[in-house]
Amino acid sequence: MTFYFRIHDLIIRFVGMADDTTRAELEELSEGKSINKDLRMDLTYEEIDQNIDNLWSILFTTGYLTYCEKNRL
């Protein structure tokens, strides 16, 4: 369970860093819509929270987001 709380804290931190665009994209997701994002699968612990765009990679690798084929967007 410790891992879960650390990921949760990281996501909360990202949401706090989010600009209007990121907040709008999060809202779209909460409405069941899809967004198109490039993901980084090679993030290191040191760089994980250095860029708000890493939020999408974290959400994907922890199972909060799933892959959807581009033609379904």
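1. Thr66 first. In this predicted model, Thr66 is exposed, with a relative accessible area of 68%. That puts Thr66 in the exposed class because the class begins over 50%. Thr66 sits in the segment after helix H3, which spans 54–61. Its C-alpha atom is 9.7 Å from that of Ser34, and the two positions lie 32 residues apart along the chain when counted as a separation.

2. The pocket. Thr66 is also one of the residues nearest the centre of the largest pocket, together with Ile35, Lys37, Tyr67 and Cys68. The volume of this pocket is about 450 Å³. What lines it? The lining has 17 residues. By class they are nine nonpolar, three polar and five charged. On the method in general: a probe the size of a water molecule, rolled over the atoms, shows where empty space is left.

3. Overall layout. The protein chain contains three helices and zero strands. In sequence order the pattern reads α-α-α. The chain has 73 residues, and buried residues make up 23% of them. Its exposed area is about 5700 Å². Carbon and sulfur atoms supply 50% of that area.

4. Contact range. Take the contacts in the protein chain with a separation of 6 or more. Of these, 56% are between residues 24 or more positions apart.

5. The nonpolar core. The largest nonpolar core has 13 residues. Leu10, Ile11, Phe14, Leu55, Trp56, Ile58 and Leu59 have the most contacts inside it. Helix H1 (2–17) and H3 each supply at least two residues of this core. As a general background point, nonpolar side chains tend to be buried together in soluble globular proteins.

6. Helix H3 as a whole. Is H3 mostly covered or mostly open? It is mostly covered, with six of its eight residues buried. Those six are Asn54, Leu55, Trp56, Ser57, Ile58 and Leu59. Just after H3, Gly63 takes a positive phi of about 90 degrees.

7. Asn54. This residue belongs to helix H3. Its relative accessibility is 6%, so Asn54 counts as buried. Which residues does Asn54 contact, leaving aside neighbours within four places in sequence? They are Phe14, Arg40, Leu43, Glu47 and Ile48.

8. Leu55. This is one of the core residues with the most contacts inside the core. Outside its neighbours within four places in sequence, Leu55 is in contact with Phe14, Thr22 and Leu26. Phe14 appears in the contact list of Asn54 as well.

9. Ser57. Ser57 is part of helix H3. Its relative accessible area is 2%, which means that Ser57 is buried. Not counting residues up to four places away in sequence, Ser57 touches Leu39, Arg40 and Leu43. Arg40 and Leu43 are also among the contacts of Asn54.

10. Ile58. Ile58 has its place in helix H3. With a relative accessible area of 5%, Ile58 is buried. Residues up to four places away in sequence aside, Ile58 touches Leu10, Ile11, Phe14, Leu43 and Ile48. The C-alpha atoms of Ile58 and Leu43 are 9.0 Å apart, and the two residues are 15 residues apart along the chain. Leu10, Ile11 and Phe14 are, like Ile58, among the residues with the most contacts inside the core.

11. Leu59. Leu59 also lies in helix H3. Leu59 counts as buried because its relative accessibility is 7%, and the cut-off is under 20%. Leaving aside neighbours within four places in sequence, Leu59 is in contact with Ile11, Leu26, Tyr64 and Leu65. Leu26 is likewise in contact with Leu55. The C-alpha atoms of Leu59 and Leu39 are separated by 9.9 Å, with the two residues 20 residues apart along the chain.

12. Summing up. Thr66 is exposed and is among the residues nearest the centre of the largest pocket. H3, by contrast, is mostly covered, and H3 supplies at least two residues of the largest nonpolar core.

Methods:
Residues numbered from 1 in each chain as written. Predicted model: local features only at pLDDT ≥ 70, side-chain atom pairs only at ≥ 80, totals over all residues. Heavy atoms only, no water. 1 Å grid on protein atoms, 1.4 Å probe; cavity = no way out; pocket = protein on both sides within 12 Å on 5 of 7 lines; lining within 4 Å. Points joined across faces, edges and corners; volume = space filled by probe spheres on them. Nonpolar A, V, L, I, M, F, W, Y, C, P; charged D, E, K, R; others polar. Helix = DSSP H or I, 4+ residues; strand = E, 2+ residues; numbered from the N terminus. Buried < 20%, exposed > 50% of the residue type's maximum accessible area, 1.4 Å probe, protein only. Contact = heavy atoms within 4.5 Å. Areas by Shrake-Rupley, 256 points an atom, 1.4 Å probe, with all protein chains shown as cover. Core = buried A, V, L, I, M, F, W, Y, C linked by side-chain atoms within 4.5 Å.
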